Amino acid sequence: MSHTVLLDLLSKFHSARVLVLGDVMLDRFVYGSVERISPEAPIPVMRVERTVDMLGGAANVARNVATLGGTALLVGVIGSDATAEAMRAQLHLIPTIQARLISDASRPTTAKTRHVADRQQILRTDVESKAPLNDATAAEVLVQFRAQLGVADVVIISDYAKGVLTEALTAAAIGAAREAGKLVLVDPKSRSFAKYRGASVLTPNRHELEVACGHECSSDEQVVAGARALLGPAQCDAMVVTRGKAGMSIVRRDGSAEHIRTVAKEVYDVSGAGDTAVATLGLSLAHGADIAHAAQLANAAAGVVVGKYGTASVTAGEVTARLGLAEEGPMSRKHFSLDSVQQQVAR
């Protein structure tokens, strides 16, 4: 199929402002190599070579919005610790993320540290609190969220189940956004999707859908059945289910459904692929795109990001290149028409 519509949509991302609310975190990658086993215990001894910090969780959604060309308005909660400073340092590197982070000294900044030896992850350690926000902090979050609503084109709620998105705060945020006439996309983690009642679009992965609906969702038919069972009680308009190598499925509240197959060529790391997908969907819907076109573009973006190591993001240029390669056909990695090259350079 022609990707002209998708490329035209991608070219408009620079004018979109996306309000992201959720669990921000820092993803830290410790890289090194293992050459021996410890004499103290049957564990590998890793020689550390370098450490890389990346934005994670809702902050990675914002990062993807920014690298795709849009402006992200990020609202979340951090602690008063060294990890918070490291997160602020990462945010300062991206001028198109406008962060409104509330500090709460009673909880740590969420951090996931992955130890990677010779491209294989051997250990992950997490520092986090899943305790619900206290009332004072929750009130501050809502104040910052409502203050950004007026300039936002669309809202993304990124739930990583770290305590920020309580039932009450989630309901208040969705209610305020819908009252302001904004579309609300939710990347859910709750077992009950009723928590997100009133959202426009839910974007669970296959496992999250299975947990919520209570049955296996491997086939197209199972995914559709599971989504249909949940859309009514959640009072949401549609669900876009990310299914890894099987692609994505769109299920609407009216019962209609369609399936988009994956465009990933090689899969190295799925970390952050859901963040990329929901960011792309949000940017697309901000410009009034049909949800099918939005999902096709999100599928292409996710296909790029799983080919990278770490909690990665994707750029508009990378998605443009991926779509251009897809149009060229199976020989596209070596052969290009002059017309397609000229079009891609122009884009």
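**Exercise 1. The cavity**

How many cavities of 30 Å³ or more does the count come to? Describe the largest cavity and its lining.

*Solution.* Keep in mind that you are working with a predicted model.

Step 1. The count comes to 1 cavity of 30 Å³ or more.

Step 2. Next, its volume: the largest cavity holds about 90 Å³ of space.

Step 3. Now look at the lining. Asp23, Val24, Val77, Arg107, Pro108, Thr109, Thr110, Ser129, Lys162 and Val164 line this cavity.

Step 4. Sort these residues by character. The lining divides into 4 nonpolar, 3 polar and 3 charged residues. Val, for example, counts as nonpolar, Thr as polar and Asp as charged.

**Exercise 2. The sheet of 4 strands**

Work out the strand order of the open sheet of 4 strands, then place a helix against this sheet.

*Solution.* Step 1. Follow the pairings across the sheet: the order is S3-S2-S6-S7, and the pairing is mixed.

Step 2. Find the edges. Strand S3 (44–57) and S7 are the edge strands, each pairing on one side only. From one strand to the next, the twist averages 20°.

Step 3. Take one pair in detail. Strand S2 (residues 24–37) pairs with S3 in the antiparallel sense, over 13 bridges. Ile37 has Pro44 in S3 as its bridge partner.

Step 4. Add the helix. Helix H3 (residues 82–92) lies across S2, S3 and S6 and runs at about 105° to S2.

**Exercise 3. The sheet of 9 strands**

Which strands are the edge strands of the open sheet of 9 strands, and which helix lies across S12 and S13?

*Solution.* Step 1. Write down the order, which is S5-S4-S1-S8-S9-S10-S11-S12-S13, with mixed pairing.

Step 2. Read off the two ends: strand S5 (97–103) and strand S13 (257–260) are the edge strands, and each pairs on one side only.

Step 3. Look at the S13 end. Strand S12 (residues 248–252) pairs with S13 in the antiparallel sense over 4 bridges, and Ile250 stands opposite Glu258 in S13. The hairpin of these two strands has 4 residues between them, and there Gly255 takes a positive phi near 100°.

Step 4. Place the helix. Helix H7 (residues 220–234) lies across strand S10 (201–202), strand S11 (238–242), S12 and S13, at about 40° to S12.

**Exercise 4. Two residues of strand S11, and a loop residue**

Are Met239, Thr242 and Ser219 buried or partly exposed? Describe their surroundings too.

*Solution.* Step 1. Begin with Met239, which sits in strand S11. Met239 is buried because its relative accessibility is 0%, and the cut-off for buried is under 20%.

Step 2. List the contacts, leaving aside residues up to four places away in sequence. Met239 touches Phe193, Leu202, Pro204, Leu209, Ala227, Leu230, Leu231, Ser249, Ile250 and Val251. One of these, Ser249, is 10 residues away from Met239 in sequence, with 8.0 Å between the C-alpha atoms.

Step 3. Move along to Thr242, also placed in strand S11. Its relative accessibility of 18% makes Thr242 buried as well. With the same sequence neighbours left out, Thr242 touches Pro204, Asn205, Arg206, Gly247, Met248 and Ala277.

Step 4. Finish with Ser219, in the loop between helix H6 (206–213) and H7. At 27% relative accessibility, Ser219 is partly exposed. Ser219 and Ala246 lie 27 residues apart in sequence and 9.1 Å apart in space, C-alpha to C-alpha.

**Exercise 5. Positive phi without glycine**

Where are Arg119 and Ala161 found, and what phi does each take?

*Solution.* Step 1. Recall the usual pattern: most residues other than glycine have a negative phi.

Step 2. Check Arg119. Although it is not a glycine, Arg119 has a positive phi of about 70°. Arg119 belongs to the loop between strand S6 (111–117) and strand S7 (120–127), and with a relative accessible area of 64% it is exposed.

Step 3. Check Ala161. Its phi is near 60°, again positive in a residue other than glycine. Ala161 is in the loop between strand S8 (154–158) and helix H5 (167–179). A relative accessible area of 40% makes Ala161 partly exposed.

Technical notes. Residues numbered from 1 in each chain as written. Predicted model: local features only at pLDDT ≥ 70, side-chain atom pairs only at ≥ 80, totals over all residues. Heavy atoms only, no water. Pairing = 2+ DSSP bridges. Contact = heavy atoms within 4.5 Å. Axes fitted to C-alpha atoms, helices over the stretch in contact; angles between N-to-C directions. Buried < 20%, exposed > 50% of the residue type's maximum accessible area, 1.4 Å probe, protein only. 1 Å grid on protein atoms, 1.4 Å probe; cavity = no way out; pocket = protein on both sides within 12 Å on 5 of 7 lines; lining within 4 Å. Points joined across faces, edges and corners; volume = space filled by probe spheres on them.
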